[in-house]
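Thanks for coming, everyone. Let me put the structure on the screen and walk you through it.

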Amino acid sequence: DWTIKRLEKEIDETNLSDQYEKNIEDVNRNNAKIVTSHKYLDTNVLNGGIGKREITEICGLSGSGKTPFVMQLALNCAMIPSQLGGLSTYPNTKAVIIDTTQRIKMSRLYEISEHLWKNLNEMMKRRKALLSHPSSTASTSLSSSNLNETGSGVLKKDYLDRIYLFKIYSQEQFLAMFFENILYEFMKKPENKFVKLIIIDDFTYYLKHIDKVHGSKIAYSSNTVLQIGQILQTIADEFDCAVVVVNTLTTKFYSAVGNASGDAWDFTTGNVLITPSLGNVWSHFITNRLLFYISDNKKIIRVAKSPFIPVGTTCEFFIGKQGFSHIPMQT
């Protein structure tokens with residue numbers, strides 16, 4: 001069902017932001033997750049955010065908002081202090097982006113990071129004022145000493161130094177990241193022990209051409225996907241990090257409606273479905289699958305696979321100069 005589930009009432013932007021901070025703080029106190037900057041998605045869909053030791057898939061057609069979303073994730077991972085919903089390893093937390101399509105632009109990362117830095121410092125100031133109030137009953141986890149982790153009470157502007165961007169220009173380079181252990185050896189280095197997020201955008205860009213390169217053997221592609229999935233899950237478990245991959249959609253033909261896969265969605269008519277690439281072999285590795293699409297000029301996220309919420313749950317999102325959010329912003 002592609003009917004958009006609207007929130008039952010409008011909430012004032014300020015109150016929404018304050019409640020978002022509180023909800024994420026409560027969840028992350030016990031479950032260290034990477035928040036997405038979307039209140040409903042974090043608290044109601046992802047059970048606090050993107051989980052470590054899990055593989056999360058972001059799929060959708062071109063222009064649906066996948067790349068802006070993962071860019072926001074990388075910045076949130078590196079920039080948000082634990083007291084404001086970030087990971088406990090802050091201010092050392094790092095993120096890795098493997099860019100296979102050259103869509104990740106440092107200029108755009110910088111633009112989003114500037115807005116996020118300003119917003120975080122405003123939140124820090126409000127928390128500090130709250131703690132200094134005589135009637136404050138804030139918990140010890142929000143003490144002034146914790147808020148001043150960076151030394152001055154103002155977040156340092158060193159966050160882009162904690163985001164590693166790998167540009168991939170060939171299929172050989174992409175496969176070498178996994179089969180020549182480049183990614184694994186990178187994660188093993190002591191200086192990278194605080195890398196808590198690995199993003200691959202676009203995960204399927206080189207995999208979907210692998211059959212043609214190697215003699216059109218479907219078995220080769222399936223085996224490659226299987227091995228890469230195992231490697232990514234091993235890395236996620238061994239180094240206690242989250243893995244987020246961007247997947248594309250493809251068409252799927254079937255003989256009857258009853259044979260349609262549960263991972264396929266009928267965007268068209270007849271016996272053609274649009275479904276995530278890489279098939280069922282890959283689906284077994286992912287914990288969450290979020291489908292990004294546009295309907296009636298609204299950007300929508302649909303839950304396609306999740307252990308936390310029924311499949312089919314949807315929420316609207318916005319993308320502007322400030323990045324990815326649940327609140328309309330300047331474009």
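This is a predicted model, so please keep that in mind throughout. I'll start with helix α6, which covers residues 171–179. Which of its residues are buried? Q171, F174, L175, A176, M177 and F178 are. Just after α6 comes N181, with a positive phi of about 60°.

Now the sheet. It is open and has nine strands, with mixed pairing. Reading across, the order is β5-β4-β6-β7-β3-β10-β11-β12-β13. Which strands sit at the edges? They are β5, residues 163–167, and β13, residues 323–325. Each of these pairs on one side only. From one strand to the next, the twist averages 25°.

Next, what packs on this sheet? Helix α3 does, residues 66–79. Its contacts include β3, β4, β5, β6 and β7. Helix α3 also touches β10, β12 and β13. Look at the direction of α3 against that of β6: the angle is about 165°.

Let's go to β3, residues 55–60. How many of its residues are buried? Six of six, so to speak: the strand is mostly covered. Take the two faces in turn. On one side you have I55, E57 and C59, and all are buried. On the other side you have T56, I58 and G60, and these are buried too.

What are the neighbours of β3? One is β7, paired in the parallel sense over five bridges. The other pairing is with β10, again parallel, over five bridges. T56 is a good place to stop and look. In β7, its bridge partner is V244. In β10, T56 stands opposite N288.

Further along the sheet, compare the pairing of β11 with β12. Is it parallel or antiparallel? Antiparallel, over four bridges. Strand β11 runs over residues 298–305, and β12 over residues 314–320. Here K299 stands opposite F317 in β12.

On to the aromatics. A search of the whole structure finds 13 aromatic pairs. I'll show two of them. A pair of aromatic rings is described by the distance of the centres and the angle of the planes.

The first one I'll show is F166 with F186. Their ring centres are 5.2 Å apart. The planes are at 85°, over the cut-off of 60, so this pair is edge-to-face. F166 is in strand β5, and F186 is in helix α7, residues 182–188. That makes them 20 residues apart, so the pair links distant parts of the chain. How accessible are the two? F166 has 21% relative accessibility and counts as partly exposed. F186 has 12%, and it counts as buried because the limit is under 20%.

The second one is F203 with W282. The centres of these rings lie 4.7 Å apart. Their planes are at 35°, so the pair is tilted. Where do the two residues sit? F203 is in the loop between β6 and α8, and W282 is in helix α10, residues 279–283. So this pair ties together parts that are 79 residues apart in sequence. F203 is buried, at 0% relative accessibility. W282 is buried as well, with a relative accessible area of 0%.

One last view, and it takes us back to α6. F174 and F178, both buried in that helix, belong to an aromatic cluster. The cluster also holds F203, Y205, Y206, W282 and F285. That's my tour.

Definitions and conventions:
Residues numbered from 1 in each chain as written. Predicted model: local features only at pLDDT ≥ 70, side-chain atom pairs only at ≥ 80, totals over all residues. Heavy atoms only, no water. Buried < 20%, exposed > 50% of the residue type's maximum accessible area, 1.4 Å probe, protein only. Pairing = 2+ DSSP bridges. Axes fitted to C-alpha atoms, helices over the stretch in contact; angles between N-to-C directions. Contact = heavy atoms within 4.5 Å. Phe/Tyr/Trp six-rings, centres within 6.5 Å; stacked < 30°, edge-to-face > 60°.
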